[in-house]
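Please load the model in a viewer with selection by residue number enabled. The tour below proceeds by stops, each giving a selection and then what is found there.

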Amino acid sequence: MKKFLAIALSAALITALFAGCGNDDESTTGTTTTASTTEATTTEATTTEATTTEATTTEATLGSGDEETPSEDNAAAAELSKIEAALGELSSMMDYDEATFKDMYGTDLSNVKSFAGKLPLMNVKATEIAVVEFNEEVTQAQAEEFFKTRLDSLESTWATYLPDQYELVKNAKIAVKGNIAAMVIAENADAGIEAFNK
C-alpha cells in the first residue's frame, strides 16, 4: 500500500511538474507573441509614417510644379501679368498648360523658351491672351505667322456662333518686343498691347 501511495504521489508530482512547465512555455510563448505583435505594430506604424512623410514630400514637390506658378525666368508670364492688369477684371479664365499650348500652336516648339496665356473656361467668350518668349528675336511677320493657326481656328469657331465674339477675334492684336510676342483678343485689346509695349 505504501508502495502504491508513493507511486501515485510521484505520478502526481510528475504530472504537476509537466503541467507547470507547460504553463511556463505557454506564458513565454504568449509573451513572445505579444512582443512580436508589438514589434510588428511598431514597425508597421514606423513604415506607414515614413511612407506618409515620403508621399507628402513628393506631393509637395510635384504640387509646386503642377500649380503653373511661373518661374522667375519666365518672361512670358511676367508680360502676361502686365497685360492682365491693363485689361482689368477677366472672369472665368484659366491658364494655358503645356498640352493645350502644343495643341493650339503645334508640337514643334523648339524655338519657344517660355509661354503663358489665358483661355475662357466656357466656350461663350472669345477673350484670350497668349504670350510667347522665343529663343531669339522675332519680327512682327514671324509673330503673326506663329499665331495665325490659332487665329484661323478661332475665326472658324466663332464665324457662325456669336457675331460679337467673332468681331473680337477678327480684331485680335499682335505685338512683338525683342524675342517676346503677344496676342490679345479682348474688348480693350489695345490697352493690353500698350501695357505689353511699355
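**Stop 1: an exposed loop and its patch**

Begin by selecting Met122, a residue of the loop that runs between strand S2 (112-120) and strand S3 (128-134). The model is a predicted one. Is Met122 buried or exposed? Met122 has a relative accessible area of 55%, so it counts as exposed, the cut-off for that class being over 50%. Now extend the selection to Met94, Leu121, Val124 and Tyr161: together with Met122, these residues make a nonpolar surface patch of about 480 Å².

**Stop 2: the sheet**

Next, display the strands as a cartoon. In what order do the 5 strands of the open sheet follow one another? The order is S1-S2-S3-S5-S4, with antiparallel pairing. At the edges stand S1 and strand S4 (173-177), each of which pairs on one side only. On average, neighbouring strands of this sheet are turned by 10 degrees against each other, with direction ignored.

For a view of one strand pair, select S3 and strand S5 (residues 180-185). These two run antiparallel and are joined by 6 bridges. Picking Val131 leads across to Ala182 in S5, which stands opposite.

**Stop 3: the helices on the sheet**

Keep the strands visible and add H2. This helix lies across S2, S3, S4 and S5, and runs at about 150 degrees to S3. Then add H3, which also packs on the sheet: H3 touches S2, S3 and S5, and its direction makes about 95 degrees with that of S2.

**Stop 4: salt bridges**

How many salt bridges does a search of the whole structure find? The search finds 10. Three of them are visited here, with side chains shown as sticks.

Select Glu79 and Lys82 for one of these. Their side chains meet in a salt bridge at 3.2 Å, N to O. Both residues belong to helix H2 (residues 75-87); because they are 3 residues apart there, about one helical turn separates them. The two partners differ in accessibility: Glu79 is buried, at 11% relative accessible area, whereas Lys82 is partly exposed, at 30%.

Move on to Lys118 and Asp95, whose side chains meet in a salt bridge at 2.7 Å, N to O. This pair links distant parts of the chain, since Lys118 sits in strand S2 and Asp95 in strand S1 (residues 93-95), 23 residues apart. Which of the two counts as buried? Lys118 does, because its relative accessibility of 15% falls under the 20% cut-off. Asp95, at 39%, counts as partly exposed.

Return to helix H3 (residues 98-105) and select Lys102 and Glu98, which lie 4 residues apart in that helix, about one turn. Their side chains form a salt bridge of 3.2 Å, N to O. Lys102 is partly exposed at 33% relative accessibility, and Glu98 is likewise partly exposed, with a relative accessible area of 46%.

As a last selection, take Glu79, Lys82 and Lys177 together. Salt bridges that share partners join these residues into one network.

Technical notes:
Residues are numbered from 1 along each chain as its sequence is written. This is a predicted model: local features need pLDDT of at least 70, side-chain atom pairs count only at pLDDT 80 or more; totals for chains, interfaces and linings use all residues. Side-chain values use heavy atoms; hydrogens and water are left out. Patches are made of residues with over 30% relative accessible area and no salt bridge: like charges are joined within 9 Å, nonpolar side chains (Val, Leu, Ile, Met, Phe, Trp, Tyr) within 5 Å. Accessible areas come from the Shrake-Rupley method with a 1.4 Å probe; for residues, only the protein chains shown count as cover. A salt bridge is a side-chain nitrogen of Lys or Arg within 4 Å of a carboxyl oxygen of Asp or Glu. Buried means under 20% relative accessible area, exposed over 50%, partly exposed in between (1.4 Å probe, protein chains only). Two strands pair if DSSP finds at least two bridges between them. Axes are lines fitted to C-alpha atoms, for helices over the stretch in contact, and angles run from 0 to 180 degrees between N-to-C directions. Contact means heavy atoms within 4.5 Å.
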